[in-house]
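Let's take a look at the aromatic rings in this structure. Which of them pair up, and where do charges come in?

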Amino acid sequence: MAFHVEGLVAIVVFYLAILAVGIWAAWKTKNTGSEGDRSEAIIVGGRDIGLLVGGFTMTATWVGGGYINGTAEAVYVPDYGLAWAQAPIGYSLSLVAFFFAKPMRSKGYVTMLDPFQQLYGKRMGGLLFIPALMGEMFWAAAIFSALGATISVIIDINVNISVIISALIATLYTLVGGVYSVAYTDVVQLFCIFLGLWISVPFAMSHPAVTDIGLTAVHHVYQAPWLGSINSLDIYTWLDNFFLLTLGGIPWQAYFQRVLSSSSATYAQVLSFLAAFGCLVMAIPAVLIGAIGASTAWNQTEYGVPDPKSKKEADMILPIVLQYLCPVYISFFGLGAVSAAVMSSADSSILSASSMFARNIYQLAFRQNASDREIVWVIRITVLLFGASATAMALLASSVYGLWYLSSDLIYIIIFPQLLCVLFIKGTNTYGAIAGYLFGLVLRITGGEPYLYLQPLIFYPGWYQDDNNLYIQRFPFKTLAMLTSFFTNVIVSYLAKYLFESGTLPPKLDFLDAVVARYSREHMDKATLVKSDNIVLNELAPVNPRHSLTLSSTFTNKEAFNYVDSSPELSNTEDN
């Protein structure tokens, strides 16, 4: 394949446009956040993301390179088809789960890990940071890897160069602008994806080598029908994967970063609904391109024989369709759209990992007296480090996707039930959280992971051995592990609470200060409030508290103070 100057020019134009928007957003919002709150402004902006920009950036939570390429691949592969393209429905339903958005936004949290550290303590927050970081980092590495392969298919430039340049651009505008740069570039990137792919579809569909996709949807022409089917033996695997996408798509910092940057809790819920609709709409051209790939006589194209699935290039079906079934100028425009899709996911993952480390690990666990300027520099340094790490993994690791699959499973099995407990189940504590964490982790690891060639230690009903001598579990053991983690958390929490409060266990054994000490603090706080009825709250409103002074003060809901400040009753009290 010859080097394509036109393709390189198209990529450069798209990348420069996105970089320019990212830097413009950083410049436009450089004064956002009062003195002492700049680090929070980088993570969640001024909590003033509006409906239009918010809708785009919330949609971009999942609509990225993996989403677009993966959906097309699932539809194209004969053993799967549209029936197994679960990401569009699964991720859309995860965004519809608005009841998680309201409590997170209304309580004024800054990252997803804040409620865990507030209720369970900094140690538990550190434990939950591990799977959350793994998910974000391996996701970023996986999509950088996919981007390199995508670009090399069409314009035949070195894969490593394309990965490095893309990572540098995404890291640069994230570094200078934080969540604002991520949000505004998401608008441009989603527009590019939508326009680029929809322009490509009619040209690809009208190619002489392509058969009517309506015919190939239900009839065997070049391969099995692309609508696909679900065998009775695979129904539990399908359900397991569906719940993983739907429920496991909720506890990601990349999602809650958008929720927490919304102007209100109601806006966060509305944006989630808009993003769910956006995810479905953005999947349509990817589904059609996968169907076109399954309906093409590849021996009648320049691609030749064997077809992509026989060459083990099914994961690249989207760029292959753009390259061989569309005119040159259309394929390059579509390539730019796919490249933009990748960066719309990578930038938010890098910022999410950096935000959680700077706030929940560096500040709350080790340096509670750190200045705001210090936290800002920690965020910037970790953006560079995590961006470089994701790039290195994309270039060096041979099983990035396997690592991401495993880490996303851990988010579903460990973080989701913990989030459910910390937001909606009253009375859970650190003992239950640790027990649930360990039980879920053990059940997931012992279930095996074919992508990493990790053999199972527990063989569930329905297991079988494939042609590569890998053990495949048909039983929905991931969902079993998630439910086990959830119920373990609840049962152990209430058991520990009963044992300490009944006197069965002495208070000195509460080494985590999760039951006895917490109960005492709550009563002391109530007594203090009763004795301090002469304090006028609106006198405290103008004070800008240093959130780094104590662990508890970092979770102050400043919106509550703003509301009190505007209360006419309190104003009259002050006048009197």
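## Charges over rings

A charge counts as sitting over a ring if NZ of Lys or CZ of Arg is within 6 Å of the ring centre and within 35 degrees of the ring normal. Keep in mind that this is a predicted model.

Lys311 fits the bill: it lies over the face of Tyr303, at 4.3 Å from the ring centre. Then there's Arg380, whose charged end sits over the ring of Trp377, 5.2 Å from its centre.

## Rings that pair up

On to ring against ring. A pair of aromatic rings is described by the distance of the centres and the angle of the planes. The model has 22 aromatic pairs. Take Phe100 and Phe416: their centres are 6.0 Å apart and their planes meet at 45 degrees, so this pair is tilted. The two come from distant parts of the chain, 316 residues apart. Phe100 is in the loop between helix H5 (87–96) and helix H6 (101–106), while Phe416 belongs to helix H17 (residues 400–424).

Phe100 also pairs with Phe424, this time edge-to-face, with 5.4 Å centre to centre and 85 degrees between the planes. Phe424 is in helix H17 and Phe100 in the loop between H5 and H6, so the pair ties together parts that are 324 residues apart in sequence.

## A cluster, and who is hidden

Put these rings together with Phe99 and you get one aromatic cluster: Phe99, Phe100, Phe416 and Phe424.

Which of these are buried? Phe100 and Phe416 both are, with Phe100 at a relative accessible area of 1%. Phe424, at 39% relative accessibility, counts as partly exposed.

Notes:
Residues numbered from 1 in each chain as written. Predicted model: local features only at pLDDT ≥ 70, side-chain atom pairs only at ≥ 80, totals over all residues. Heavy atoms only, no water. Phe/Tyr/Trp six-rings, centres within 6.5 Å; stacked < 30°, edge-to-face > 60°. Helix = DSSP H or I, 4+ residues; strand = E, 2+ residues; numbered from the N terminus. Buried < 20%, exposed > 50% of the residue type's maximum accessible area, 1.4 Å probe, protein only.
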